[in-house]
Every structure is written in structure tokens, then in C-alpha cells.
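Please open the structure in your viewer and keep the sequence panel visible beside it. The tour below proceeds from one selection to the next.

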Amino acid sequence: MTTGARAGRAALVAVLAVAWVAAAWLLYRSTVPDDLALPHVDVDAVFGAAAVARAERYERFLDINWALGELAVLIALAVFALRGARLVRESAAGPVGTGMLLGMVGLGLVWLVRLPFALTSLWWQRRHGLSEVGYLAAVFGGWLELAGTFLAIAAVLAVVMALARRLGSWWWLPGSVVLAAIATALVFVQPYLATLEPVHDQRVEQAFRTFERAQGVAGIPLRVERVSDRTSLANAYAFGLGPSRRVVLWDTLLDGRFTNAEIDVVLAHELGHQSSDHIPRALGWLTLFLVPGALVVMLVTRRRGGMGQPQSVPLALLAVVVLGVVTAPAANLVSRRMEAEADWKALETTRDPAAARGLFRRFGTTSLADPSPPAWAGLLFGTHPTLADRVAMADAWQSRHPS
Amino acid sequence: VLEQLRLEAQPGDEVGAVEERRPADAAPDRLGRAHDVVARERIAAHTAIVDSRAPQNAKGVTTADHEPGAAGQDATPSVPRLHPVALHVDDDLGRPRLLVAFRPLLVLPHLCWLALWSIAVVPAVAIAWGSAVAIGRVPEPLHRFLAAFTRTAAHVSAFLHLVGRHYPGFLGREGSYPVDLTIAPPAPQRRLGVLARLVLALPALVLACFYAVLFAVVGVLGWGAALVTGRMPSGLHDLGAAALRYEAQTAAYVLLLTGRYPDASPKTDAPTPVEER
């Protein structure tokens, strides 16, 4: 490579790095006051020592089970990366079709390896009365979802390999943009594919419309998802983009265990995600993670001829899973920041810190969520602030609004 | 566009590669019953089936099938005449368990692709039907298009039901898959037969439904057996091949690729007797 070409490449990388940092800074902004100091919360006093001990025991088991499962997946994919390329001779589908085959086989392998750990996790949840899913249903009930994942990985590999065959080692740049576009399309379509029901509770519907006006958004449908036949856990979520935006409550949230004021906090929290554009911003973060991620995959697979060759696919799968584990703390940090912003918006909207505290305390018992998990668990699994931090935020909001 | 993306290897690559890459332990399969389908194709009685891939023989099949004059010139009227849609099986019985376990999921991209393709097939068949009624034959480009669709569907079906070992391609090129469908070039068809094609096809379609059930049973039993042993039982393999052949011939008849009625005989090793038009 000539000096000029090297300088050009270095300049491009520098421009991309500056653009990355600027975009990350824009996406990281939050309406939570920067000077907000969270007071210390005595978890035993707030949640009850016995409940905390039970939640700790429950969650540590799941954490360790998950970690062992991921370790098994990494080992299986490492073996697949070493030996999977021989499956190329089992295909008559050309390079891209064969790459799709290897990707789907790798995914199937991951599903198989994770299965015993998923069943162990289910056993633990059933033991604690949090799940009513049968073991057979856990194994065979998710075929539709698995089929969707198989199709998705085949489509992604078709795009990536076609680009790699056309653009050589530069596929990662347009490839990450195309993948982000596919993810955006899926996020947009997802609400139209979900089986949801309208809310029959007039009070909940009216409260939701009131909060909509307060947060400056309008016309977002509120829906209910029926999950009570599978789990007793209570939850809610916001999803979709533009006209497909939805806020969804699990029917377990409306089964009488939560007060109206607590349900209002949930409504305002989920609306906070929509009014703060968290879903488009999450897609922005995804793009920011995809660009360097695709670059790493390109570099890793170069020795096997690049992503244009099906032999590279098993190695690429391993690289993607390793990247997922390595970047999990950063991704969780971003997620926690968005959740904290939604909590803050819920407090600003409902102006009811007592209800927020009550809601989070109740989550400690109904979901057996550890109010104050160890740092390593927070780094690896903490997509939401800890319950202790969420109670502390309600306290902090109240101290700023003494009336 | 698909060719530009190189979804498929170059024509002929796959077969050669498969032959070269066949594991050393595949040899006994060639002596087993399941490979009778392959082996018998190489004996004298089946020379025509094998050779029909060669241009001169393909032409010969077409002449014999579709030109009454040519058939009439035949010195021996009892000489068996081949069906214009023939199934060739050149595969072994080994089935890697990892590919067996997820087989129904692995064909999902093909099923989506075939569903998209079928959107174009419907108007293509309508045009082919109109052309055949008007001029007595299906135009060559339409025939090629419909033949590729039928062949791809056969490849995918073979893989799904474990009659085929290898992962199939997407474009349905002849010779690109070890369980392959040879479809003779377009030939004159009786206008009346074309006009009433769907009605005439009803008995074949009913029988095809039975074959489809049989094929599904073969697939399920073969899946279980191959998952345990890593091999497709030869009997199931042959039964599946027979079902596949009938399904393909029925599809070809309905899609106007041939005027010959599907051969209902379950035997895959006997050429169809001459049927004078």
C-alpha cells in the first residue's frame, strides 16, 4: 500500500471516529438533571430483609446459570468455527447460499446448547411460582420465533456476503448501514405482527391520554398483552416507530396486585420512552455499535478469505457472540440511562414519588428482583437501574419538589 | 441479480464438487439398495434416462415423445418411451445429523423464495396456457422459467424429505443438485388437452395428494431414523424418490411443461411405455 493510500485510510478512520464520538454524545443526552445525586437507600428497610435475601438467592442462581450457558455457547461456537467449514461440502447452493446454511446451522447449534440452561432457568422460575410454562412448551413452543430467527440470520448473511463479494474488505461500512436499516424496518413492523388487545379499563385509558398530553405526544395506542397463562410476572413495554408506536401492558399488571397510582407510574414510564424517542435512539446506538462490530468481523474473517466465503461464517458467528459479551456492559449502560430518563419523566408526569416507591417495592416481591445486585451482575445484566436506585430517584425527585 | 450475487456456484461446479467431496465411507452406499436408483440408471435399460441430460439424447426424447412421425418411424413400436420429466438420483445415504436436526428450518429461505417466485409463476402459466391454446406449444422462455421453478421446488422437496443429502440452490439449474429433474424442451401439445388441462389434471392431483401424504410420512420417519443413525434408510429413500417423481410430473403437467400425463407407477426404475398420441 502506498503512503498516500495509507494516509487516506487513516484520515477516513479519523473522520469516522470523530463522527462516532459526536453521534454518541448526542444520543447519550438525557433530561435527568446532571447534578441529581441519588441518596443512599437502606434496601433491608425499604424492601424487607427476608424479601431481599430471597430475591438475591433467586437472581444469583439465574445469573450463574446464564453465565454457564454463555460459556457453553462460546465453546460450542469455537468448535464450530474450527470444524464447521467442512459443512461447505454438504451444500450445492453456491457461496452465498452455503454461507446462509452455515449461519443457520450455527444458530441451531446455539439453540441446542442453550436449551438445557433455558430449561434449568424455567425449573427455577417454576419453583418460585413465577412461571407456568411447561417444559415441553418451552422446547417446542418457540418454533415460530426460532423460524423467524433462522430467516433473519439467513437474510443478514445474504446481504453481508453479497456486499463482501462485491466490495471486498470494505463491506463493513455499507454493510452496517444496511443491517441497521433492516433492524429499523423490523422494529417498525413488529407492532403490526404482535397479538395485542385493547384496554377495557376506562380509567387506565383516560390516565394514559392525560399523560400523553403532559409529555407532548398524541395518538399512541395503549394495548394489553395476555401473559397470565404463562407467568405471574408483571411488566410493560413500549415499541414501534412513528405510526407503529405502541405502549403495551401485561395483563398481570392489571390483575389487582398493583394500585391505580402504581399503574399510572408504569403508563407514564412507558410513555416516557416514546416521548423521549428512546426507540429511534436505541436504533442509533445499534448503528454505532454495528459499524465497529462489522469492522472487527471483517478483520477476524480476513484470514479465511473474508465474508464473501462461506468458510468464514462460523468464525464470524463466534466473533459476533464474543462482541456481544464484550459490549454488553456498554449496551447496558446506555439502556440504564434511557430507563432512568423514563423513570424521571414518569415522576415529572405523575408527581407521585410515593406511588413510584410503592411500585418498585412491589416489583421486589412480585418479580423477585434483587434490589441491589453486585456490580458484576449489574454490568452484565443490568438493563434497568437497580430497584434501590429507582427508589432513590423517587426520593431525590421528592427532595427537589418539597411541596 | 441472483447470479451476480453468486447465490449459485458456476454451473457444473456443484456436481463435480459433490463427487470429489463424497466421504470415503460413501462407497458401501453405492452397493446398497438405496443406490439401486443410481446404479440401475447406469444399466442398459436406463441408458436413456441418464443420457437424456446430454443434448443429443434430450432431443431424442423430445422427438420420441412429441413427434408422432418420429414415433411412427420407430422400427419397434413396443420400445419404451421415457417420460419428458425424469428424476435422477445421484446421492448417497449419509445424512449429517446437524443438518437433519434443523432440516425444516433450513429450507425456510427456499420456501420464502419459492413463495415470491410463485407470484410470477401464476401469470406466467396463464400466458403459457394462452400461447399453447393459440399456437399449440409453450414458448421457450416461459418453458425455461417454469421448468426452473419446478426443478427448484423438486430440489427443495428432496432436501426437506431427506431424499437429498445436500443443501439445494435457489435457481433450479439442471445438473446443480444430485437429486435432479430433467425436463425435456418444449414440444407441441394438443390444444384441446391444454384447454382442459386443469380438469384433466384432477385425477393426477388427487393421486398427488396421496403421494404428498406418503412423502410427508417418509420425511418424518426418515428424519427420526437419520437423526439416530446418520443415514437415510434405503427403502424410505426409494419411496420418497418415487413420491417426488410423481409430484414433479404432476406439477409439470399442470404447469404445461409437458402434455404427458404423470406416470403413476411407484417404480422409479422402469421407463414409461410408449403412449401414442
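## First selection: the segment after α14

Begin with B:Leu256, which is placed in the segment after α14 (234-254) of chain B; helices (H or I, at least four residues) and strands (E, at least two) are DSSP runs, numbered from the N terminus. B:Leu256 counts as buried, since its relative accessible area is 1%; buried means under 20% relative accessible area, exposed over 50%, and partly exposed in between (1.4 Å probe, protein chains only). The phi of B:Leu256 is near 70°, a positive value in a residue other than glycine.

This is a predicted model, in which local features need pLDDT of at least 70, side-chain atom pairs count only at pLDDT 80 or more, and totals for chains, interfaces and linings use all residues. Residues are numbered from 1 along each chain as its sequence is written, chains are lettered from A and ligands numbered from 1 in the order in which they are written, and side-chain values use heavy atoms, with hydrogens and water left out.

Next, select B:Leu162, in the loop between α11 and β2 (179-183) of chain B. B:Leu162 also has a positive phi, near 65°, and is a residue other than glycine. Its relative accessible area is 0%, so B:Leu162 is buried.

## Chain B as a whole

Now display the whole of chain B, which has 14 helices and 2 strands. Of its 277 residues, 49% count as buried. The exposed surface of chain B is about 12100 Å², of which carbon and sulfur atoms supply 68%; accessible areas come from the Shrake-Rupley method with a 1.4 Å probe, and for residues only the protein chains shown count as cover. Among contacts in chain B with a separation of 6 or more, 76% join residues 24 or more positions apart, a contact being heavy atoms within 4.5 Å.

Colour chain B by pLDDT, the predictor's confidence in each residue, from 0 to 100. The average for chain B is 74, and 66% of the residues score at least 70. Where in chain B is confidence lowest, and where highest? The lowest mean, 30, belongs to helix α5 (residues 47-51) of chain B, and the highest, 95, to helix α11 (residues 140-160) of chain B. Residues 1-77 of chain B stay under 50, and the model has 133 contacts for them beyond four places in sequence. Over residues 269-277 of chain B the pLDDT is also below 50, with 30 contacts in the model beyond near neighbours in sequence. Where pLDDT is low, the predicted coordinates should not be read in detail. For the model, the scores are ipTM 0.81 and pTM 0.79.

## The sheet of chain A

Move to chain A and select its open sheet of 4 strands, ordered β1-β2-β4-β3 with mixed pairing; two strands pair if DSSP finds at least two bridges between them. β1 (197-198) and β3 of chain A stand at the edges with a single partner strand each, so one side of each is left without a neighbour in the sheet.

Centre the view on β4(A), where 5 of 5 residues are buried. A:Arg246, A:Val248 and A:Trp250 point one way from this strand, while A:Val247 and A:Leu249 point the other way.

- Strand β2 (residues 222-225) of chain A pairs with β4(A) in the parallel sense over 4 bridges; here A:Arg223 stands opposite A:Val248.
- β3(A) pairs with β4(A) in the antiparallel sense, also over 4 bridges; A:Tyr237 stands opposite A:Val248, and A:Ala236 has A:Leu249 as its bridge partner.

Add helix α8 (residues 202-215) of chain A, which lies across β2 and β4 of chain A and runs at about 135° to β2(A). Axes are lines fitted to C-alpha atoms, for helices over the stretch in contact, and angles run from 0 to 180 degrees between N-to-C directions.

## Last selection: the hairpin loop

β3(A) and β4(A) form a hairpin with 6 residues between them, and A:Gly240 in the turn has a positive phi of about 95°. Select A:Pro243 in this loop between β3 and β4 of chain A. Is A:Pro243 buried or exposed? A:Pro243 is exposed, because its relative accessible area is 63%. Leaving aside neighbours within four places in sequence, A:Pro243 is in contact with A:Phe188 and A:Tyr192. The C-alpha atoms of A:Pro243 and A:Pro191 are separated by 9.9 Å, with the two residues 52 apart along the chain.

Finish at A:Ser244, in the loop between β3 (236-239) and β4 (246-250) of chain A. A:Ser244 counts as buried because its relative accessibility is 0%. Its side chain reaches the backbone oxygen of A:Phe188 at 2.9 Å. Not counting residues up to four places away in sequence, A:Ser244 touches A:Val187, A:Phe188, A:Pro191, A:Tyr192 and A:Phe239.

Note on methods: A polar contact is a pair of N or O atoms within 3.5 Å; within protein, one must be able to donate a hydrogen and the other to accept it, and residues adjacent in sequence count only if both atoms are side-chain atoms.
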